[in-house]
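Colleague: I'm new to this one. Could you walk me through how to read it, feature by feature?

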Amino acid sequence: MMTPPLAPLVGGADATRTALAWTHTARFLTTASRLDQLPAHELPEIAFVGRSNAGKSTAINTLAQQRQLAYASKTPGRTQHINLFEVGPKDAPQAYWADLPGYGYAAVAKAAKVRWQEVMADYLRVRRNLSCVVQMVDSRHGFTDLDRQLLNFVAPRLANGEVRLLVLLTKADKLNRKEGADALRKAKAVLAELSTDESVIRTTLFSSLKRQGVGEVAEILHDWVVTPQPAPEGAPLHDPTA
């Protein structure tokens, strides 16, 4: 069984400060309920995905060091749109963050679940600008069936290196050191099943409350944007969703 390769970090306190300053520039751009409503552009998109109670919105706000950038509803699963945020200088943005609706919450109507499953699957499979997926997984429970299903949507693009994957094991403050190490080991075992010679896959423990992993995640995302991966052979030249 292969171990997922680790993308190198720039490293050092200066790199962390630079990356956090970069994530702090995140600002709301637009919202869309369908893929054809998303703007056409040439910048990389970083998609944030996760179960409705995995702490996705809180993680985005923590990375951006902003309290209300991403809307965190008191009722998980209520967000029914893709929200885009610009990142980088205002006059020359460098990337977009795409906050996708949470999945798997029982209180959401079945029809809405099915529709959003289709929208998210299409986004992950064909959105040309997608360069990275950040998946939130509750560290206490590990990968659920729905988490694995989402991974399957993007697996072909992970396999050829077209899209990179970063898994945040959220709410890590609720685990002791031994439990945290065990959660990390189990997550790596799951992700190893997706690993190829071309794939770039990382995972880390993350806590918005304790700010665990925040600097590391900011560095990874910043590094992936400023050193983008080459387009894989056979990649589409146009985006059918644009």
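Modeller: Sure, we'll go through the sheet, the helices on it, an aromatic pair and some salt bridges. Keep in mind that this is a predicted model.

Colleague: Let's start with the sheet. How many strands form it, and in what order?

Modeller: To read a sheet, follow which strand sits beside which. Here seven strands make an open sheet with mixed pairing, and the order is 1-3-4-2-5-6-7. Strand 1 (27-32) and strand 7 (201-205) are the edge strands, each pairing on one side only. On average, neighbouring strands are turned by 20° against each other, direction ignored.

Colleague: And which helices pack on the sheet?

Modeller: For a helix on a sheet, ask which strands it touches and how its direction compares with theirs. Helix 4 (residues 145-159) touches strand 2, strand 5 and strand 6 (164-170), and its direction makes about 160° with that of strand 5. Helix 5 (residues 177-192) packs on the sheet too, touching strand 6 and strand 7; its direction makes about 165° with that of strand 7.

Colleague: Back to strand 2. Why is it described as largely enclosed by the rest of the structure?

Modeller: Go through its residues and check each one against the burial cut-off, which is under 20% relative accessible area. In strand 2 (residues 45-50), six of the six residues are buried, so the strand is largely enclosed by the rest of the structure. Both faces are covered: one side has Glu45, Ala47 and Val49, the other Ile46, Phe48 and Gly50.

Colleague: How many bridges join strand 2 to strand 4, and how many to strand 5?

Modeller: Strand 2 runs parallel to strand 4 (residues 95-99), with four bridges between them. One example is Ala47, whose bridge partner in strand 4 is Ala98. With strand 5 (residues 130-138), the pairing is also in the parallel sense, over six bridges; there, Gly50 has Met136 as its bridge partner.

Colleague: Where does an antiparallel pair turn up?

Modeller: Look at strand 3 (residues 82-87) and strand 4: they run antiparallel and are joined by five bridges. In this pairing, Glu86 stands opposite Tyr96 in strand 4.

Colleague: Now the rings. How is a pair of aromatic rings described?

Modeller: You give the distance of the centres and the angle of the planes. The structure holds two such pairs. One of them is Phe28 with Phe85, an edge-to-face arrangement with 6.0 Å centre to centre and 70° between the planes. Phe28 belongs to strand 1 and Phe85 to strand 3, so this pair links distant parts of the chain, 57 residues apart. Phe85 is buried, at a relative accessible area of 2%.

Colleague: Last topic: how many salt bridges does a search of the whole structure find?

Modeller: Twelve. For each, check the N to O distance and where the partners sit. Glu42 and Arg128 meet at 3.0 Å, N to O. Glu42 lies in the loop between strand 1 and strand 2, and Arg128 in the loop between helix 3 (110-126) and strand 5, so the pair ties together parts 86 residues apart in sequence.

Colleague: Is Glu42 buried or exposed?

Modeller: Exposed, with a relative accessible area of 65%, while Arg128 counts as partly exposed at 27%. Then take Asp138 and Lys171, whose closest N and O atoms are 4.0 Å apart. Asp138 counts as buried at 10% relative accessibility, whereas Lys171 is partly exposed at 23%. Together with Arg140, Asp138 and Lys171 are linked in a network of salt bridges.

Key. Residues numbered from 1 in each chain as written. Predicted model: local features only at pLDDT ≥ 70, side-chain atom pairs only at ≥ 80, totals over all residues. Heavy atoms only, no water. Buried < 20%, exposed > 50% of the residue type's maximum accessible area, 1.4 Å probe, protein only. Helix = DSSP H or I, 4+ residues; strand = E, 2+ residues; numbered from the N terminus. Pairing = 2+ DSSP bridges. Axes fitted to C-alpha atoms, helices over the stretch in contact; angles between N-to-C directions. Contact = heavy atoms within 4.5 Å. Phe/Tyr/Trp six-rings, centres within 6.5 Å; stacked < 30°, edge-to-face > 60°. Salt bridge = Lys/Arg side-chain N within 4 Å of Asp/Glu carboxyl O.
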